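Me: Please take a close look at one part of this model, the aromatic pair. Then connect that part to the packing around the chain.

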Amino acid sequence: MTQSESDADLSRDAFLGGGLQILQPHQGYRAGIDPVLLAASVPAQPGDSILDLGCGAGVAGLCLARRVPGIALTGLELQAQYAELATQNAAENGIDMTVILGDIAAPPTEIKDKQFSHVIANPPYFDQARRTAADDIGREVALAGSAPLSDWVATAAKRTCPKGTVTFINRTERLPDLLSAFRTHLGSLEALPLAPRSGRAAKLILLRGRKNGNAEFRLHQPWILHEGDKHLADAENYTQATVCILRDAGALNFPA
């Protein structure tokens, strides 16, 4: 990607109330609220190691690093143009992030040789067989990649330290598939529905598991993303409105 292509094809977007400036393509997959919520939910501490599977332009990992300084952040990304953006975004925001190009179904040696305190992912939301493909290839891979959710979970679990956590965010209709895959590899599962506002059905869900965990499954009350009688339909504004809540709260905690 040349500098002229960057200028023409990329936007610079504010996340975390301006705490991060993120370059994203005008056309293709663009991060919204999902990776911000994912980052806010991770129980990381300074000194922990983090693996962001399918990191895209780096939004989830960089949001987490901004909230918890001192983490060791690694991203794995299939698409070269997004891996390049993640590296650039990390550098421009003064955050140390190692971005590795590779497939979650066959991780490269740099990933296979390591385990991490926490693994996070915002995997494709849709089954390729049940949707019409997007015109943009990058967007289609991000929204409905070829690897099944079971592969994402298996790789995440293998790369997690004993007693470490795996946290995914996805659409609520994918919860049965996610639960099945998580139960195969992880324990102490917890699901946190994310509702757009009070009285509305949850459209997103956070699912966390712990390696070698043995606690019973817990389904928590929904976390309400937007206060008031009306939520914004525009994704960019909706993201900014919700981020204000997250910025004030500091983290989106699973209930104890």
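Reply: The aromatic pair comes first, then the cores, the strands and the cysteines.

This is a predicted model, so local features need pLDDT of at least 70 and side-chain atom pairs count only at pLDDT 80 or more, while totals for chains, interfaces and linings use all residues. Residues are numbered from 1 along each chain as its sequence is written, and side-chain values use heavy atoms, with hydrogens and water left out.

A search of the whole structure finds one aromatic pair. Rings of Phe, Tyr and Trp (its six-membered ring) pair if their centres lie within 6.5 Å; planes under 30 degrees apart are stacked, over 60 edge-to-face, and the rest tilted. Here the ring centres of phenylalanine 168 and phenylalanine 182 are 5.3 Å apart, with the planes at 90°, so the pair is edge-to-face. Phenylalanine 168 sits in strand β7 (residues 160-171) and phenylalanine 182 in helix α8 (residues 175-185). They are 14 residues apart, and the pair links distant parts of the chain. Helices (H or I, at least four residues) and strands (E, at least two) are DSSP runs, numbered from the N terminus. Both phenylalanines of the pair, 168 and 182, are buried. Buried means under 20% relative accessible area, exposed over 50%, and partly exposed in between (1.4 Å probe, protein chains only).

Now the cores. A nonpolar core is a set of buried Ala, Val, Leu, Ile, Met, Phe, Trp, Tyr and Cys residues joined through side-chain atoms within 4.5 Å. The largest has 39 residues. Leu37, Leu62, Leu64, Ile169, Leu194 and Leu206 touch the most other members. Among the elements giving two or more residues to this core are α3 (59-67), α4, β5 and β8 (187-195). Another core, of 26 residues, lies apart from it and includes Leu53, Ile111, Leu149 and Leu175.

Next, the strands. β4 (residues 72-77) and β5 (residues 97-101) pair in the parallel sense over five bridges. Strands pair if DSSP finds at least two bridges between them. From β4 the chain passes through helix α4 (residues 80-92) to β5, a right-handed β-α-β crossover. Right-handed means that, with the strands pointing away from the viewer, the path from the first strand over the helix to the second runs clockwise. Leucine 73 stands opposite methionine 97 in β5.

Phenylalanine 15 lies in strand β1 (residues 10-15). Phenylalanine 15 is buried, at 3% relative accessible area.

Last, the cysteines. The structure holds zero disulfides, a disulfide being a pair of cysteine sulfur atoms within 2.5 Å. Cysteine 55 is buried at 6%; cysteine 161 is partly exposed at 23%.
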